[in-house]
Amino acid sequence: MELTGAVHVSPDKEALFGALGDALLGAAVRAVEARGVFHLVLSGGGTPEPFYLRLVTDLRYRGLPWDKTHVWVVDERRVPETDEKSNIKMMREAMLDHAGIPKRQVHAMPVLEDDAAERYQAELIEHVGGSDTDVPVLDWVLLGMGGDCHTASLFPESPALSVTDKWVATNDGDRVVPPARLTMTYPLLNAARELVVVLAGAGKHEALRRVEAQAATGQRDVQEIPISGIDPEPSGGELTWFLDAAAATGGGAGS
Ligand code: 6PG
């Protein structure tokens, strides 16, 4: 497969989330051993919801060091936390409310504040490290991809794609699916130790095919294929694509 990073294909969703959970558990244990804390970054969207639920119901993951984990959000719609479109609402209901994480270690994006991006950046610096000029290094980032090849809230031809000197940015525009968003930026995401992109179902295949076709040319058109801007290798990080067979081949069961 012509993708930047490693590729892991599972036969179905169940196996995919099992492999992903094992990867997460390994990363969490390593981070706590090395630094005493694990900075975990989660995406919204429908794909990871059953995975989040599984992390708190499958005994295989009971070793997750939740008390030493800080949870961050990759992106968020600028709606109240009670809104059905809120990512943190979904994450709390599926997992965070049941995981036993100290409340102060769950970092929702303050999306309703005018200076939300600045505030979240300051919160990251306070807990993760770095500064306004030195990028904080997150441990494990879970990303998804939309049919237009966006990831996080980095949509095609949108202003946040060009942000190089801020770790969090607002995003809006013709090709941003409303409502307006707050998103982690490329420099922050690409500085992470590990990033995983999770794709399940045949419905993801066409977008994946576009990413592969572009990768095969050796060029990157980040404006049209925003996920191609995800590349942690220059800063020593790792990127892994976790796919089920339906996403990888376009065939079989899936959505
Ligand atoms: C979000 C995401 C977004 C998502 C993709 C895929 O807040 O919606 O972070 O980038 O990962 O849109 O979403 P699905 O998993 O619902 O297809």
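Which residue stands opposite Arg 77? Arg 181, in strand 8, does. This is a predicted model.

## The open sheet

Strand 8 covers residues 181–184 and runs antiparallel to strand 4. Three bridges join the two. The facing pair of Arg 77 and Arg 181 adds a residue-level detail for strand 8.

Three strands form an open sheet in the order 4-8-7. The pairing is antiparallel. Strand 4 and strand 7 (168–171) are the edges. Each has a single partner strand, so one side of each lacks a neighbour in the sheet. From one strand to the next, the twist averages 15°. In general, strands of a sheet pair through backbone hydrogen bonds, either parallel or antiparallel.

## A helix across the sheet

Helix 4 spans residues 116–128. This helix lies across strand 7 and strand 8. Relative to strand 7, helix 4 runs at about 160°.

## Helix 2 against helix 3

Two packed helices are described by the angle between their axes and the distance between the axes. Helix 2 (residues 49–57) and helix 3 (residues 87–94) pack at about 35°. Their axes are 8 Å apart. The crossing of helix 2 past helix 3 is right-handed.

Which residues of helix 2 meet helix 3? They are Glu 49, Tyr 52, Leu 53 and Val 56. Helix 3 supplies Met 90, Met 91 and Ala 94. By class, this contact has six nonpolar residues, one charged and no polar ones.

## The largest pocket

Rolling a probe the size of a water molecule over the atoms shows where empty space is left. The largest pocket has a volume of about 320 Å³. Its lining counts 20 residues. Closest to the centre are Gly 44, Gly 45, Gly 144, Met 145 and His 150.

Which elements give two or more residues to the lining? Strand 4 (75–77) and strand 6 (140–143) do. Strand 4 is also an edge of the open sheet. By class, the lining has 10 polar, six nonpolar and four charged residues.

## Backbone details in two loops

Pro 178 and Pro 179 are joined by a cis peptide bond, with omega about 0°. Pro 179 sits in the loop between strand 7 and strand 8.

What is the sign of phi at Cys 149, positive or negative? Phi is positive there, about 70°, although Cys 149 is not a glycine. Cys 149 belongs to the loop between strand 6 and strand 7.

Key. Residues are numbered from 1 along each chain as its sequence is written. This is a predicted model: local features need pLDDT of at least 70, side-chain atom pairs count only at pLDDT 80 or more; totals for chains, interfaces and linings use all residues. Side-chain values use heavy atoms; hydrogens and water are left out. Axes are lines fitted to C-alpha atoms, for helices over the stretch in contact, and angles run from 0 to 180 degrees between N-to-C directions. Helices (H or I, at least four residues) and strands (E, at least two) are DSSP runs, numbered from the N terminus. A crossing is left-handed if the near helix is turned anticlockwise from the far one by less than a right angle, and right-handed if clockwise. Contact means heavy atoms within 4.5 Å. Ala, Val, Leu, Ile, Met, Phe, Trp, Tyr, Cys and Pro count as nonpolar, Asp, Glu, Lys and Arg as charged, and the others, Gly among them, as polar. On a 1 Å grid over the protein atoms alone, a cavity is a set of points where a 1.4 Å probe fits but cannot get out, and a pocket is an open set with protein on both sides within 12 Å along at least five of seven lines; lining residues have an atom within 4 Å of a point. Grid points are joined across faces, edges and corners, and a volume is the space filled by probe spheres set on the points. Two strands pair if DSSP finds at least two bridges between them.
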